[in-house]
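Work through these exercises with the model open. Try each task before reading its solution.

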Amino acid sequence: MIRIGNLHKRYKKVIALNGLNLDIPAGSFFGLLGPNGAGKTTIVNILTTLTRPDSGRVTVNGFDVVKEPIRAKLEIGVVPQSINLDMELSARENLFIHGLLYGMSQKDIRQEGERMLSFVGLEECADRPVKDFSGGMKRRLMIARALMHSPRVVFLDEPTVGLDVTTRRKLWELLKKINQEGATILLTTHYIEEAEALCDMVGIIDFGKLIALGSPKTLIQRVGPIVVEQMAEDGIRTHFFSNRKEATSFIERLKGSALIREANLEDVFLELTGRRVNQ
Ligand SMILES: Nc1ncnc2c1ncn2[C@@H]1O[C@H](COP(=O)(O)OP(=O)(O)O)[C@@H](O)[C@H]1O
Ligand SMILES: [Mg+2]
């Protein structure tokens with residue numbers, strides 16, 4: 001269980017988090033969705049004890065990340081936004097060092113290391129230097145490393161940025177498996193499809209505040225599940241409807257061209273903020 005209460009963080013003039021409140025139940029696959037600069041990485045950095053909040057309270061499985069950082073850290077596995085593997089070392093060596101830092105015994109490191117290499121499908125190239133790995137392989141190794149000490153909560157900060165569609169889908173399967181095996185997952189993303197495909201709960205964040213919370217389905221239902229995009233002179237106008245029948249009769253009355261489709265989380269964001277997530 002993750003509890004975030006009235007969290008504030010500013011960097012000089014920039015307010016990164018502006019009174020964020022959020023509870024994430026154990027076992028969930030939670031997605032923090034928001035545009036670049038919304039404050040997602042700041043949240044992950046605070047949750048993983050890398051950044052100190054200005055005020056507010058954050059606990060992970062009951063451990064306060066400011067007051068008991070070392071204890072809290074044992075509960076947590078992190079896959080940071082930027083790749084921070086040791087490029088000169090092999091995959092196996094990267095995992096070994098992580099195990100040592102977390103105080104694992106040599107036996108556990110060997111055992112878990114092998115289990116994790118096979119879990120992410122890197123056993124064949126475990127002894128190759130990481131600098132020869134593709135982007136997808138590096139991500140998988142970062143996931144293996146995050147799981148080495150059997151954390152109950154796993155944070156992934158934009159884990160699929162820069163990956164091609166096939167690699168991204170493979171990674172999604174891996175993440176689903178981690179969640180099915182019992183870990184709570186908090187993933188940040190600015191990819192709408194990623195949040196919709198993976199998350200049972202989504203928190204939409206904008207300017208350091210939570211502006212919506214719910215399952216993707218509930219959030220989409222709330223704006224109206226059917227969308228009509230009207231091609232107007234000044235650009236595309238979006239209209240929301242509760243069913244296809246209403247949408248179709250609206251289109252019949254319209255002059256000019258229009259498109260009918262199902263709503264998605266991008267529409268939810270647009271309806272709440274007047275902007276798009278990925279502009
Ligand atoms: N170390 C820092 N120094 C100054 N400003 C920062 C720093 N880290 C983040 N920010 C600012 O805080 C805001 C939130 O950033 P971040 O949490 O990285 O957002 P996201 O991960 O959603 O893109 C942005 O305006 C960003 O420019
Ligand atoms: Mg970020």
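A disulfide here is a pair of cysteine sulfur atoms within 2.5 Å. This is a predicted model, where local features need pLDDT of at least 70, side-chain atom pairs count only at pLDDT 80 or more, and totals for chains, interfaces and linings use all residues. Residues are numbered from 1 along each chain as its sequence is written, chains are lettered from A and ligands numbered from 1 in the order in which they are written, and side-chain values use heavy atoms, with hydrogens and water left out.

**Exercise 1. Cysteines**

Task: find how many disulfides the whole structure holds, then classify Cys 125 and Cys 199 as buried or exposed.

Solution. Step one: the search of the whole structure returns 0 disulfides. Step two: apply the accessibility classes. Buried means under 20% relative accessible area, exposed over 50%, partly exposed in between (1.4 Å probe, protein chains only). Cys 125 has 9% relative accessibility, so it is buried. Cys 199 has 6%, so it is buried.

**Exercise 2. The magnesium ion**

Task: name the protein donors of the magnesium ion (ligand 2) and place them in the chain.

Solution. Step one: collect donors, meaning N, O and S atoms within 2.8 Å of the metal (3.2 Å for Na, K and Ca); water is not among the atoms, so sites may look incomplete. The protein donors are OG1 of Thr 41 and OE1 of Gln 81, at 2.0 to 2.4 Å from the ion. Step two: locate them. Helices (H or I, at least four residues) and strands (E, at least two) are DSSP runs, numbered from the N terminus. Thr 41 sits in helix H1 (residues 40-47), while Gln 81 is in the loop between strand E6 (76-79) and helix H3 (91-101). The two are 40 residues apart, so the pair links distant parts of the chain. Step three: check accessibility. Thr 41 is partly exposed at 28%. Gln 81 is partly exposed at 36%.

**Exercise 3. Positive phi**

Task: which loops hold Lys 12 and Phe 207, and are these residues buried or exposed?

Solution. Step one: recall the background. Most residues other than glycine have a negative phi. Step two: take Lys 12. Its phi is positive, near 50 degrees. Lys 12 lies in the loop between strands E1 (2-11) and E2 (14-24). At 79% relative accessibility, Lys 12 is exposed. Step three: take Phe 207. Its phi is positive too, near 45 degrees. Phe 207 lies in the loop between strands E9 (201-206) and E10 (209-214). At 59%, Phe 207 is exposed.
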